[in-house]
Each structure stands twice: as C-alpha cells, then as structure tokens.
Amino acid sequence: MRLGNVECSVLSDGEWRMDGGAIFGVVPKTLWEKVLPADELNRVPMALNCLLVISQGKRILVDTGFGRKLLPKKSKILALRHDHGDLLDNLGHLGYAPGDIDIVINTHLHPDHCGGNTILRDGVPVPTFPNAQYWIQRLEWADACYPNERTRNTYLTENLLPLRETGQLRLLHGDARVTDEVRCVVTRGHTRAHQSVIIESGGETSVFLGDLAARAVHLERLTWTTAFDTEPLETLETKRAMRDWALERHALLIFVHGVNMPSGYLWKEGDNFWVKAP
Ligand SMILES: [Zn+2]
C-alpha cells in the first residue's frame, strides 16, 4: 500500500493460537465467543502482522513476530504455523535481505512482538538485522530487564540483550520522530511504555497500534482489553483518545493480531464504533 510518499507492507510472521480468556481479559466467554469462536482447547487464532515502512530512503520494520528461535515444543504449544512463510521469508519475497533494514521499532517487548529481533547463530542469539538500530522505549526496556513475578514470563532476555552488546540499541525517552513522515508515540496501558507508530504523508494517515488494540474489536469496545495489560484503565483512556484521533483523520488502522482484518478504518454511528476493512 502507498500512503502519500510512503510505501507500507504488512508482513506476516505466521499465525498462532492463544487462550481466549487471555486475549479478552475480564470479558465473559459468552460474549467474546460470539465474536471469535474458540477451539476445543479454548484458543483463538492470532495473526503476527509486522509492518515494513519505506520513508525518505529508510527501511523501517515495526515489530518482528516470534522469530525463528522457538524450540519445537514451544512452537507446538503456541500452534505456530507459517502457511505463508515467516517474516524473513516475506521480506525476501519483497526483495529485501535482513541487512537492508535500517530501523527496527518494537511496540513493546513481549515475545510475539520482538522474538524476531534476534536469531541463533551457532546456538547464540545475535541481532537478526545486522545494520539496524532497534528503537525501544527506555521504560519498556527497564520493565523487561527488571520484571516482577507477574511480568517475568512475558520478557525474554535472548530477544533483548544481544542488541545492547552490539551497540544496536536506541532507547527512546517518550515520543520520537523517525523520519518527517513516521513517528513513535507512547500509547500507555498494555505496558506502561507501550508505543504505536504513526505514518503521515500527503494528507494520509496510518497507525500501527500494536497491542493497544490487538484486533479490531479491541478498538470498537473500550472495555475489551487483554488479560496481559499491566494498566487496563490506562489502556481504556489511551484507546478513547486514539479512537477520536483516528476518526478525525480517517486513519488506516493496522492490527497486529487481526487474522481476517489486518487493517481497517474506524466508523462511528451514535455511540457505537466499528471497523470496516479498506
Ligand atoms: Zn501481542
């Protein structure tokens, strides 16, 4: 897709399955299963949508999926599938090698968003993208390096520490401009320093929401937030502001875990919001 002067491509790192209760938090199953039916293990299908943005000569990758380091046992638990290739395959289909990426932005450091940051070389994790700077919020980095009992399982050092060792880590202190057309904005709630990526060019706007709204229904309904959100009430207010902002600009929304709807536009009628495919 083209947004003004910017080229954007949603690139899949595969599909997996996640516990329905985890993705819909306090919402009763009787409500969420009408939107997204669960399988016999109570799991729902999840996409791993990453975004390649080419702006002012910079090749920018937003989120990196689970990547290639998972042990077979873990892949099986996640029911991870690559029917249409993984992130590196799909980058290759567009003609790009890992060395062509200039900037990697992680919305946050949960393993389904930064697992592809690193890859095993002779059994040792090293940065997958050798020429890239990795842009990560400073507070997210701190929370990942010093987790507590609740967050420990959601942060894996193998996805993080190799970036610092090679000098490829760039810590952000809040909102940050990437190019004249691309910027990172802190969208607090899922984690306290979660960030989204906004693209603005030629009067057109798009936003990669990350887990602020993992799927369209999370934006349509303010109270539907994941069980992983560390600050669910912050998520609610961040989503309220994001909805108003997106509606005003008719922004193209990109959903990281949306299976049938990786992107869409927000509409409002009365008090009801809904997302329509482009
Ligand atoms: Zn996620």
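Which arrangement do the four donor atoms around the zinc ion make, and what angles do they subtend? Begin by selecting the zinc ion together with D112, H113, D211 and H257, whose OD, NE2, OD and NE2 atoms respectively are its protein donors and lie 2.1 to 2.2 Å from it. Donors here are N, O and S atoms within 2.8 Å of the metal (3.2 Å for Na, K and Ca), and water is not among the atoms, so sites may look incomplete. The arrangement is irregular because the angles subtended by the four donor atoms run from 82 to 152°; four donors would count as tetrahedral if all angles lay between 85 and 135 degrees, four as square planar and six as octahedral if opposite donors were over 155 degrees apart and all others between 65 and 115, and anything else is irregular.

Before moving on, note that this is a predicted model, in which local features need pLDDT of at least 70 and side-chain atom pairs count only at pLDDT 80 or more, while totals for chains, interfaces and linings use all residues. Residues are numbered from 1 along each chain as its sequence is written, and side-chain values use heavy atoms, with hydrogens and water left out.

Colour the chain by position next, and the zinc donors follow the spacing D-H-x97-D-x45-H. H113 lies in helix α5 (residues 111–114) and D211 in the loop between β13 (204–208) and α8 (216–220), so this pair ties together parts that are 98 residues apart in sequence. Helices (H or I, at least four residues) and strands (E, at least two) are DSSP runs, numbered from the N terminus. Both H113 and D211 are buried, where buried means under 20% relative accessible area, exposed over 50% and partly exposed in between (1.4 Å probe, protein chains only).

Stay with α8 and select H218, which lies in this helix and is buried, with a relative accessible area of 1%. Beyond its neighbours within four places in sequence, H218 is in contact (heavy atoms within 4.5 Å) with I23, F24, A213, W224, T225, T226 and K239.

Now go to A193, in the loop between β11 (182–186) and β12 (195–201), which counts as buried at 3% relative accessibility. Show H108 beside it: the two are 85 residues apart in sequence and 7.5 Å apart in space, C-alpha to C-alpha. Neighbours within four places in sequence aside, the contacts of A193 are T107, Q137, L139, E140 and V186.

Turn then to the open spaces, starting with the largest pocket, which holds about 570 Å³ of space. Of its 24 lining residues, F66, K74, L78, P111 and N153 are the closest to its centre. A pocket is an open set of points, on a 1 Å grid over the protein atoms alone, with protein on both sides within 12 Å along at least five of seven lines; a cavity is a set where a 1.4 Å probe fits but cannot get out, and lining residues have an atom within 4 Å of a point. Highlight β2 (6–19), α3 (72–78) and α5, each of which supplies at least two residues of this pocket's lining.

The second largest pocket has about 250 Å³ of space. Its lining has 15 residues, with S12, G14, E15, A47 and H84 closest to the centre, and β2 gives the most to it, with four residues.

Finish at the largest cavity, with about 70 Å³ of space, whose lining residues include D13, R68, D86 and F129.

Conventions:
Grid points are joined across faces, edges and corners, and a volume is the space filled by probe spheres set on the points.
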